[in-house]
Structure formats: structure tokens, C-alpha cells
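Reader: I am new to this structure and should be grateful for a close look at a single part of it. Please choose one strand residue, describe its surroundings, and then place it within the whole chain.

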Amino acid sequence: MKILIADAFDAKLPDRLAVFGEVWTDPARLGDAEVVLVRSKTKVTREYLEGAPNLKLVIRGGVGLDNVDKAACTERGIEVLNTPQASSVAVAELAMALMLAVPNHLIAAHNGMTEGKFLKNEIKRTELFRKTLGLIGVGLIGSEVAKRAAAFGMDVIAFDPFLTTHPIATLVSLDDLLSRSDYISLHTPLTDQTRGMIDAAAISRMKDGVILVNTGRGKVIVEPDLAAALAAGKVRAYATDVWYSDPPDPSCPLLSAPNVLMTPHIGASSKENLGRIGDVVVQILSARAG
Ligand code: NAD
């Protein structure tokens, strides 16, 4: 097997894959590759495939396949696989970190200390305990968030049109979720139904002062609508790991909106998760080699 590791994976992966054949990371040698491993950076477009005449398998280390043109791969007989189970805990922990950082004012408190300001009287914390968390999408990641939020004493409700029961979250309609939640955390894939679902109309149905957390996909949000709601105080804070593009365009209105807590799409980037993704890649290639 000739394997190109096109994006950043676990540092040990090249050595682990060497048993399957030749492994390299130089994208200039795409033309020789039979297997390409990508995460988010490499876009497997029709144009990319033009340069990969020997390609038989694309493995995306991660959940979504937004950066792989599956139709173009299928037309060329190229199989596309991902590692959907591996990342759930990593993303859920980031969602919890974002959810905790906002009501605890961690950024303001830390910045105050570095600026020599001891904001003990100014910073007013609130708790997650007994607040309602609404999960939009409660699959692998949403379920890990549900577990952790329940342990914090949150009342966990969820909207997921493809589920009829859930072991932790109480399933409700989208309207119910929007009007009842103190925190809303987004965990859907980007689809025709979810693209732009958090627009001005949806925001107007939310509680005043709601806190939104997004570790799903940036395009589920209509950015100008959310920026306006943050400026008006309707939405108290938006904590996000995901953007319209990586990195966001400098014109993204959320970059300058008030009360936005931002991370650079690091939900899946825990050391442990990269190890787990590596394990799945090894399993996939072992099955083919055997
Ligand atoms: P999953 O498929 O296990 O769960 C997604 C859930 O969303 C499913 O239960 C599905 O029924 C539900 N859903 C689909 N359409 C919906 C709709 N219109 N309204 C409400 N729910 C809907 O996927 P997952 O592993 O939980 O991942 C969820 C998403 O998280 C991924 O698709 C990806 O966009 C995102 N993600 C982000 C990062 C990151 O780095 N921040 C990493 C991995 C995944």
C-alpha cells in the first residue's frame, strides 16, 4: 500500500502504518498515493482527485465529511471512510469547557489578573446547576455532553428529529427547546435542514440572555443575525469552536461582536483523540492488508 498522510495526525502514525507499505507526508507525491489520510485541512475536491490517479481509499480522521467530495470519489471508484466514534469525548469536553467558561467569566477574570486588576467584587458568576441545557442533535457527541451536563445537575432536553427516545435527554420539539433552554449546544451535522437553522426567527423564540455553544458546524448559525442578537443582549454569549471557514474570514461579524468566546476548531484535537483516530486508521488498513 502507498499511503499519503496529508494532514496532521498522531506523531506515531507514520511508524504504525509502515507495516502496510510505503508512508509519506509530502503532498507533492499525491500522484503515487493509493490511500490518502486527511483531517480538515486538505480538501478532497474534484480538482484534488485529478492529481491522484492511483487513489483507491480516502480516510478522513474525524466525524464530518464536509471536506471530501464523496460524489466525485464514488464516480472514480474511490472508497471514503471516516472515524465517527473516535472524537465524541474530545468534542464533548470542549463543549463543556466553553459552557463552563462563560458563566464563570474565566477569560475576564484571567485578563483582569494579568492586567493587575483583582475583579473579586466585579465578577458575578452563575452556575450550570439546575439550568436547562437544550441540545440540538443528540447523537454521539450530544450524548457525551448530555452525560456530563446531567452530572452537573443540569436539566437536559434535546431536539433530534431522527430519535424517538434518549437515555438521558428528554426529547422535545424545536420550539420547546428554544423557549425553555438557558444554554443551547449545537451538535448536528451540516445538512440542508440545519444550515442557517439558528437565524433571527429562531433566536427570537429563545429566552432572553440565552447562552449558545457551538462545537457542531459554523454554518448552522446565520452570523449577522447572531451578531445583532449579541449586540442587543438577547443572546448573552456565543461560545464557538466552528466557523464558516477555517480560519474565519476577517469580515466575520462574530469576530468583533460582544460576548463571543472563540476557539480555532480544536474540538477533535486532543492528544488522546488523535491516538484513537490512529487506532481506527490502523484497524481499517489491517482489514485491507489481511
Ligand atoms: P452523530 O451523527 O452521532 O449525531 C448527530 C445527530 O444530529 C444525530 O443524532 C442526528 O439525528 C441529529 N440531527 C440530524 N439532523 C438534525 C436536525 N435537523 N435537527 C436536530 N438534530 C439533527 O454525529 P456526532 O459524532 O455527534 O457529531 C455531530 C457533529 O459535530 C458533526 O456532524 C460535526 O459537524 C461536528 N463535529 C465538530 C468537531 C469539532 O472539532 N468541533 C469534531 C467532530 C464533529
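Author: Accessible areas here come from the Shrake-Rupley method with a 1.4 Å probe. On that basis the chain, which is a predicted model, exposes about 14200 Å², and carbon and sulfur atoms supply 55% of this area. Of its 290 residues, 47% count as buried.

The part chosen for the close look is Asn214, which lies in strand 10, residues 210-214. Is Asn214 buried or exposed? A residue counts as buried when its relative accessible area is under 20%. Asn214 has a relative accessibility of 0% and therefore counts as buried.

Which residues, then, are in contact with Asn214? Leaving aside its neighbours within four places in sequence, the contacts are Leu186, Ile221, Tyr238, Ala239, Thr240, Asp241 and Val242. Of these names, Leu186 deserves a further word, for Asn214 in strand 10 is the bridge partner of Leu186. The strands concerned are strand 9, residues 183-186, and strand 10, which pair in the parallel sense over 4 bridges.

This pairing belongs to a wider arrangement. An open sheet of 7 strands has the order 8-7-6-9-10-11-12, with parallel pairing. Its edge strands are strand 8 (170-171) and strand 12, each of which pairs on one side only. In the order of the sheet, strand 10 stands between strand 9 and strand 11.

The loop between strand 11 and strand 12 also merits attention. The following remark gives the background. Most residues other than glycine have a negative phi, and most peptide bonds are trans. Pro247 is placed in the loop between strand 11 (235-240) and strand 12 (260-262), and the peptide bond from Asp246 to Pro247 is cis, with omega near -10 degrees. Asn259 has its place in the loop between strand 11 and strand 12 as well. Although Asn259 is not a glycine, its phi is positive, at about 60 degrees.

A positive phi is found at Arg130 too, where the value is about 65 degrees although the residue is not a glycine. Arg130 occupies the loop between helix 5 (106-114) and strand 6 (132-136). A residue counts as exposed when its relative accessible area is over 50%; Arg130 has 67% and is therefore exposed.

On the far side of strand 12 in sequence, Ala268 is placed in the loop between that strand and helix 10 (271-289). Ala268 touches Arg39, Ser87, Ala90, Val91, Asn273 and Leu274, not counting residues up to four places away in sequence. From Arg130, Ala268 is separated by 138 residues in sequence and by 28 Å in space, C-alpha to C-alpha.

Finally, the whole chain may be considered. Its secondary structure comes to 10 helices and 12 strands, and its C-alpha trace spans about 60 × 50 × 35 Å along the principal axes. Because a compact globule with 290 residues would have a radius of gyration near 19 Å, the 21 Å of the chain agrees with that expectation. Among contacts between residues at least 6 apart in sequence, 60% join residues at least 24 apart. As for charge, the mean positions of the 31 positive and 33 negative charges are 5 Å apart.

Key. Residues are numbered from 1 along each chain as its sequence is written. This is a predicted model: local features need pLDDT of at least 70, side-chain atom pairs count only at pLDDT 80 or more; totals for chains, interfaces and linings use all residues. Side-chain values use heavy atoms; hydrogens and water are left out. Helices (H or I, at least four residues) and strands (E, at least two) are DSSP runs, numbered from the N terminus. The radius of gyration is taken over C-alpha atoms; the globule rule is 2.2 Å times the number of residues to the power 0.38. Buried means under 20% relative accessible area, exposed over 50%, partly exposed in between (1.4 Å probe, protein chains only). Contact means heavy atoms within 4.5 Å. Lys and Arg count as positive and Asp and Glu as negative; His and the chain ends are not counted. The place of a charge is taken as NZ of Lys, CZ of Arg, CG of Asp or CD of Glu. Two strands pair if DSSP finds at least two bridges between them.
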